[in-house]
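The following note sets out some points on the fold for a colleague's consideration. The points proceed from the sheet to the helices and then to the core.

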Amino acid sequence: MRCPAPFILKLYEILEEGHDRNQIVSWNKEGTGFVVWSPDEFSELLLPRYFKHNNFSSFIRQLNTYGFKKCATNRWEFQHCKFQNGNRHLLQEITRKKCEPSVFPAFLKASSSEPVGGVVDESSDLLLQENENLRKEKLELQMQIHQYKSLQMKLSDSLSQYLVNQNQFRRTC
């Protein structure tokens, strides 16, 4: 008997321990899926507690790799036929999807402004959102680098001035 994947197990635990979190994430009414009611709070409070990040897009990407499907258009509700409230024993049957070579080229063709088949691809929305998050992170890092370089220059100037003053002080003694 094999153990469930850590991601799946942690997700199940989040939902099982949910009595104080039902406003953030909970099982759906039928217990056949779950709803993230507040993605912001979920990202800030729960993701870093259970995973090594607080990025909601990365969480969604992980769900997709395990075959979860978004099943509501007006909220973040996800389902997997083996992920059910009270059926922890089914978790071991949830595995990562194998990479399908035929899917990737079709996705590349969908990069035009017209959606393929008239349906907006959720994964492209997630990729666009992740891309925007990475742009913001890059900008923040560039600003930090600029601040550190500026601080380094100030410290170098201060050190130079100190050394000049030390040399002058020694000459007078």
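1. Two strands are taken as paired if DSSP finds at least two bridges between them. On that basis, a hairpin joins β3 to β4 through 5 residues. The model under discussion is predicted. β3 and β4 (residues 76-79) pair in the antiparallel sense, over 2 bridges. Within this pairing, K69 stands opposite Q79, and K70 stands opposite F78.

2. The hairpin belongs to an open sheet of 4 strands, whose order is β1-β2-β4-β3 and whose pairing is antiparallel. The edge positions are held by β1 (25-27) and β3 (69-70), each of which pairs on one side only. β2 and β4 run antiparallel and are joined by 4 bridges. One bridge partner pair between them consists of V36 and, in β4, W76.

3. The chain as a whole contains 5 helices and 4 strands. Read from the N terminus, its elements follow the order α-β-β-α-α-β-β-α-α. Of the contacts in the chain with a separation of 6 or more, 53% are accounted for by residues 24 or more positions apart.

4. How are the helices placed against the sheet? Helix α1 (residues 6-16) lies across β1 and β2 (33-36), and its direction is at about 90° to β1. Helix α3 (residues 56-65) also packs on the sheet, where it touches β2 and β4; the angle between the directions of α3 and β4 is about 25°.

5. Helix α3 merits attention at both ends. At the N-terminal end, N55 acts as a cap: one of its side-chain oxygens lies 2.9 Å from the backbone nitrogen of S57. After the helix comes G67, which has a positive phi, near 85°. The buried residues of α3 are F56, S57, S58, F59, I60 and L63. In an α-helix there are 3.6 residues a turn, so residues three or four places apart point the same way.

6. Which residues touch the most other members of the largest nonpolar core? They are F34, F42, F59 and F83, in a core of 28 residues. At least two core residues come from each of α1, β1, β2, α2 (39-50) and α3. The largest share, 6 residues, is supplied by α1. In soluble globular proteins, nonpolar side chains tend to be buried together.

7. The surroundings of F83 illustrate this core. Setting aside neighbours within four places in sequence, F83 is in contact with I8, L11, Y12, L15, W27, G31, T32, G33, F34, F68, L91 and I94.

8. A polar residue in strand β1, S26, deserves a separate remark. Is S26 buried or exposed? With a relative accessible area of 11%, S26 counts as buried because this value is under 20%. The side chain of S26 makes a polar contact with that of W37, at 2.8 Å. Residues up to four places away in sequence not being counted, S26 touches L15, G33, F34, V35 and W37.

9. Finally, the totals for the chain may be recorded. Buried residues make up 27% of its 173 residues. The accessible surface comes to about 12,600 Å², and 55% of this surface belongs to carbon and sulfur atoms.

Methods: Residues are numbered from 1 along each chain as its sequence is written. This is a predicted model: local features need pLDDT of at least 70, side-chain atom pairs count only at pLDDT 80 or more; totals for chains, interfaces and linings use all residues. Side-chain values use heavy atoms; hydrogens and water are left out. Contact means heavy atoms within 4.5 Å. Axes are lines fitted to C-alpha atoms, for helices over the stretch in contact, and angles run from 0 to 180 degrees between N-to-C directions. Buried means under 20% relative accessible area, exposed over 50%, partly exposed in between (1.4 Å probe, protein chains only). A polar contact is a pair of N or O atoms within 3.5 Å; within protein, one must be able to donate a hydrogen and the other to accept it, and residues adjacent in sequence count only if both atoms are side-chain atoms. Accessible areas come from the Shrake-Rupley method with a 1.4 Å probe; for residues, only the protein chains shown count as cover. A nonpolar core is a set of buried Ala, Val, Leu, Ile, Met, Phe, Trp, Tyr and Cys residues joined through side-chain atoms within 4.5 Å.
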